[in-house]
Amino acid sequence: MQISLINTLSQPLKAAAKFINSQEQASGLSTSRFIQDTSTCLLPKAVFARSKADLAENAFLELSESALVYFVPAVIGEKISRKLFSKKLPQATKQLVAIPARELLEMKNKAAVKQVLPIKAAIALTTMLIPLTEFTLNYFKNLFTLKIFKKGDFNSIANLDKHAENKENAERVEKSAKKNIKLAAGIYCACLTLAGLLAVSGAKSKTLQNISELILAPGTKLFKNNSKIKNFLNKYASIDFASQDGKLVLSKGQLTSCVVIGGAGYFGAAKDRGKQNFLETLYRFPLVGFYIITGSELFEKGFKKLLLKSGKCKDTIDNKLNTPSFDELGKYATSLAKQRGTTVEHEFSRLAKQKVLISGVPFIFSIGFMGCFVTAVSNMFTKYRYNHDKKNLTNNSSGVSRSCLDQNGLQEKLKLKV
């Protein structure tokens, strides 16, 4: 129904409505977050690219990173690990795999929970491939730029310095990249080993049960009597999957692990390429990382509160700040049309405008401020810092030269006196 009603809207509104509707039809956070975060991170970097190497490595990193984070977890978790590890579970128990661990732990059927919990933990551990691969992506990016553009110095990549590349520096960047990629591979092998142990012996071992709880519901395990800390940790520190229509989908905790572990790769790979790359990452990553994990959610909630306070969008925002999907808008428009003696198309158009406003402003903010503004200011400060350091280096060199000349002059005077 909603598709036919969307087609009755004016062209700009129809395009926006179709875009938002397509996001809502996607599984979990995946498609909507992929579009939003790729737009936020890549488009501004493309606009403000400082060289071909800068543009190419950012395109490589952002596209592969977003695809990895937002699509691979569900494939590994739902299509591969779930089928593999839950194979021997009783048919009635298999469906419990999709229930979040914090809810499982509150169930009365403790025997079933004891069986399912280590299986869920094993599935979650296999998806550690995602944050660990994201950690390596920054090192792969360094290797990519070395191989294609023959550049390992950030000052050259950012078009700050025109000098020829230092071969020793390039070798050091390459060596560090390969070392960290091997490290991540080793850690993932350990995760797979633990996953296998949990799947085989988890139901029989009290220790493995405790490990499973810690992996899936750290808040419940560590802070049972503090609801605020418990809920926070269960939301952001758990690598358990979220569930949608009985399927495993990307969760906030998995997204957080990707940002945190990936961040270590960002800083490590940036440090390898020089001071300016590290400082630029230090400025930009915390802002973008926070926004990806929870900042966008906070902004959306704040914007909804502002709309309600100003008396707008009352038909599309309830007291809990929830908004109906486009699927629900069609039925809602039909109900309002009967109450008010208007047409369904008229009510749907009005509701669609509100819906687009509620969803569109945060999306534009993410591109405009978190994307363009942060990238532009970041690039500007990097250039300023580089020029400032270069000026100080020149002044120090001049000072040393003058000091040497003064000492030579003094020595000559002493010789004359003698």
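Which helix holds both Phe-232 and Tyr-236, and how many residues apart do they lie? Helix α13 (residues 227–236) holds both, and they lie four residues apart, about one turn of the helix. The views below come from a predicted model.

**View 1. A tilted aromatic pair within helix α13.** The structure holds 10 aromatic pairs. One of them joins Phe-232 and Tyr-236. Their ring centres are 5.1 Å apart, with 50° between the planes. That angle makes the pair tilted, because only planes under 30 degrees apart count as stacked and only those over 60 as edge-to-face.

**View 2. Accessibility of Phe-232 and Tyr-236.** Phe-232 has 51% relative accessibility, so this residue counts as exposed. Tyr-236 has 14% relative accessibility and therefore counts as buried.

**View 3. An edge-to-face pair, Phe-267 with Phe-285.** The ring centres sit 5.7 Å apart. The planes meet at 75°, so the pair is edge-to-face. This contact links distant parts of the chain, 18 residues apart. Phe-267 belongs to helix α14 (residues 252–272). Phe-285 belongs to helix α15 (residues 275–309).

**View 4. Accessibility of Phe-267 and Phe-285.** Phe-267 counts as partly exposed, at 22% relative accessibility. Phe-285, at 18%, counts as buried. The two labels differ because buried means under 20% relative accessible area.

**View 5. An aromatic cluster of Tyr-266, Phe-267, Phe-278 and Phe-285.** These four residues form one cluster. Phe-267 and Phe-285, the edge-to-face pair, both belong to the cluster. Tyr-266 and Phe-278 complete the group.

Key
Residues numbered from 1 in each chain as written. Predicted model: local features only at pLDDT ≥ 70, side-chain atom pairs only at ≥ 80, totals over all residues. Heavy atoms only, no water. Phe/Tyr/Trp six-rings, centres within 6.5 Å; stacked < 30°, edge-to-face > 60°. Helix = DSSP H or I, 4+ residues; strand = E, 2+ residues; numbered from the N terminus. Buried < 20%, exposed > 50% of the residue type's maximum accessible area, 1.4 Å probe, protein only.
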